[in-house]
Amino acid sequence: MSKQTTRRVLAEYAYKPSDVERGYTGQTLYVNLSDNTIEAKPVTDEMKKKFVGGRGFDLWLLWHGVKDNTKWNDPENEIVISSGPCGGITQYPGAGKSLVASISPLTEVVIDSNVGGHFGPLLKFAGWDALEIQGKAEKDIIVVIDGPGGRITIEEADNVPVDTHLVGHWLINEMAETEEDRYYMSTVSAGTGSEHTRMGCLNFSLYDRKRKAPRFKQAGRGGIGTVFRDKRIKALVVNSAPVRGDSNHPADPARIARAGTKLHKEIHDHDDEQCRMRRRGTSYLAQIMDDYDLLPVHNYKFGTHPDTPKINGDVWEARYTQGLPDGCWYGCTLACAHAVDGYTLRTGPYKGEQVIVDGPEYETIAGCGSNCCIFEPWALLEINFYCDTYGIDTISFGTGTAFVMECYEAGILDQEKTGGLELNFGNASAAVELLHLMARGEGFGKIVGQGIRRMKTYFAEHFGADPAFLQDIGMEAKGLEYSEYVTKESLAQQGGYGLTNKGPQHDEAWLIFMDQVSNLLPTFEDKAEALHYFPMFRTWFGLCGFCKLPWNDTQPPDNAETDEPAKIPEHVQNYVDVFSGVTGQEITKEDIIAMSERVYNLQRVFNIRLGHGLRDHDNVPYRSQGPVTIEEYESRAERYDKQLQEILNLAPAGMTTEAKMAALREYREEQYEKLKDAVYERRGWTENAVPKVETLKKLGIDYPDVVAVVEKHL
Amino acid sequence: MKVLSYDPELCTGCYICEEVCSETWFKVADAEKSSIRIRGDGQGILSAVFCDQCGECIAVCPTEALYRDKKGIVRLRKKLCVGCLSCVGFCPQGAMFYHPDQTQPFKCISCGKCADECPAEALTIIDKN
């Protein structure tokens, strides 16, 4: 770092950054905040061979760091950050992701969350394949990793701000002397909302050279920001030597460059006519989801709303600053990380300030917008900005608020219980005020900040609500709030959300179009195969440091004519070439699946070790499977009646709505159980969702401590 | 602004321009390191690929390494370039090049060496406003 610190240094560690060789530095950094230990750990060949990097390294380190009974706020819980061997290459779009893992305050099992920004790659170029933080500081601290200076410090941080947009500016003012110093620095931070809720997120910064300001991408899911503030961390700071095209020292740069320039050209030639990601990011999905009755509206009751055009992609295309290279890592020409510049905040502690809003992206638009029946762009910008700077996950906030709004309209809540907030669907001002209350940990905001699973218990115990109804409409599974897709008509996607390791997040599988629209998965075996292949394929991105979007949000023009268009075969080959080009390890597309299976199965065993991870834990709320209320059934009565007639041979004309709902529910819940059986079998698990010993042996992860966990359940 | 101009009617396909360019900038005679490429269509029709200084690459560069100098020529600040090759894929002319030996791309900056050496006078430097 350029400037000398005046903060009290609690611990210091001198080192010489290892050279990166074929994507690896060969060591990970361990920091213990309880006793101020800082040390290097070697990356073994076994780690690279079996777990690759990224989420694989995170899980491996976490597995060895915690105990069977470790809770999210125990000192031995860890936050582990790793990018992966391909993370930090600049030639292939979407190759700068960081993967973060911890034991979650929401789910009480392992959460993994992927995020853009520069921290992960710069951490590697500062000499570390992963950062593993354990322990709990007595006072607020920052951890500074100074690669060029060869120095790591734990420093007291009384004067460092907490809210993320302030942290970003603080870093620049405090540690960078020149404009160029800013380029290769990055922070991880949370916010005051992370201190007072269980749904805290982490913000990973990047310095935007054209805007001359820091920007932030979020590791949103599962409350890792909450763990971060519980450990009393205000910021992690890294800087590295200047990034170059060969900083990752790949085995075969030409092979990577060929794949990368081909994809750059493909995006240049076709993005405008395909998804227009370069102009409007993921925001365009709102109208598409609405068109297919898949956009969550009124807490997932419905899939469409006439006001959707007010928050659709073209609205945001007009608001996002255009013509800037909005990649969250160098060389991502898909450039979906758009921002609204110069937004003047209307509420809260920063009211009147002009800020950059990073987004909004689809999940925020759907979760905080349509799902809460809020169709006012100002409110989405306000919520997006404040969620980020407070360190609150927009998905958990949006889905949680939608749940609260339905409870309010159902009479479970009233103004007395909410402290005066009129939380009807569509009340944007009340939703924004709720967010401020959550960040401060005050009043009703403190309750909502605990997440839907705990709200269900609280509303039943304190407000006399019907627990069964709350279970049906509360859109969480495993304790994690759903991301933003209506799954009622896609059994495969019900499994895509439910039969997951971390909870209902679509990064494992998004099968709705394949299943519901194109009918490509007609049998249980087809669905099970898809629920094997796609979660494994997508897991692999997180092992290597890749983003999922350049895989299928841009497509070769002849993709539809290939044998398996859903897999985007040409892009899969690109990944084979890039991975082989980086590591020098020649792989096939089948190897991609095998690599992921090891990590995926270890994560399932990890959940079992922590007391979850079995068949019953894969249950989902009925709102994700079918209509919970009469209003909901009758809004799509023609569809449901037809299914009763054609599938169950019933005569809906002579049935009451209640009877029809009961028949449909029995059928759909039974289908989901059959799906579980088929998927568990395909994955090599028992009927109770436990990986079999023979599966662990086949994958080469039959370590004694891993086998010991599953044997208790066989 | 001075830009390179090419007349296919005069070009004999001798490829001296490619050699001159790579010798000038990379000290080696290697057509793959030339910022001008002469292409044939197999039917005897020749064409040339080189930068016309349109500047579309400037907007796609994430590090502001590409810029237009005072004379209007699009140039690369090597100190800032991270070698992402976005400009290679986004050049409408296909005139931003890279080579496995280099981590950074390269392009024609209208130096005129090839025009000086072109025996057929097919290449010239012209003023383009």
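Select helix α2, residues 55–65 of chain A, in this predicted model; nine of its 11 residues are buried, and the helix is thus described as mostly covered. A residue is termed buried if 20 or more other C-beta atoms lie within 10 Å of its own, exposed if 12 or fewer, and partly exposed in between, with C-beta atoms placed from the backbone. Helices (H or I, at least four residues) and strands (E, at least two) are DSSP runs, numbered from the N terminus. Within α2(A), the buried residues include A:Phe57, A:Leu59, A:Trp60 and A:Trp63.

The model is predicted: local features need pLDDT of at least 70, side-chain atom pairs count only at pLDDT 80 or more, and totals for chains, interfaces and linings use all residues. Residues are numbered from 1 along each chain as its sequence is written, while chains are lettered from A and ligands numbered from 1 in the order in which they are written.

Next, select strand β13, residues 233–239 of chain A, where seven of the seven residues are buried. Add strand β8, residues 141–146, which pairs with β13(A) in the parallel sense over six bridges. Two strands pair if DSSP finds at least two bridges between them. To inspect one of these positions, display A:Ile145, whose bridge partner in β13(A) is A:Val238. Then add strand β10, residues 185–189, which runs antiparallel to β13(A) and is joined to it by five bridges. Here A:Val188 stands opposite A:Leu236 of β13(A).

Proceed to strand β2, residues 27–32 of chain A; five of its six residues are buried, so the strand is largely enclosed by the rest of the structure. Select strand β3, residues 37–42, as well: β2(A) and β3(A) pair in the antiparallel sense over six bridges. They form a hairpin with four residues between them, and A:Asn36 in the turn has a positive phi of about 60 degrees. A:Asn32 merits a label, as its bridge partner in β3(A) is A:Thr37, and A:Asn32 also stands opposite A:Gln134 in β7(A). Strand β7, residues 130–134, pairs with β2(A) in the parallel sense over four bridges.

Finally, display the whole of chain A, which comprises 30 helices and 17 strands. Its radius of gyration, taken over C-alpha atoms, is 24 Å, close to the 27 Å that the globule rule gives for 714 residues, so the chain is as compact as a globular protein of that length. That rule is 2.2 Å times the number of residues to the power 0.38. Of the 714 residues, 59% count as buried.
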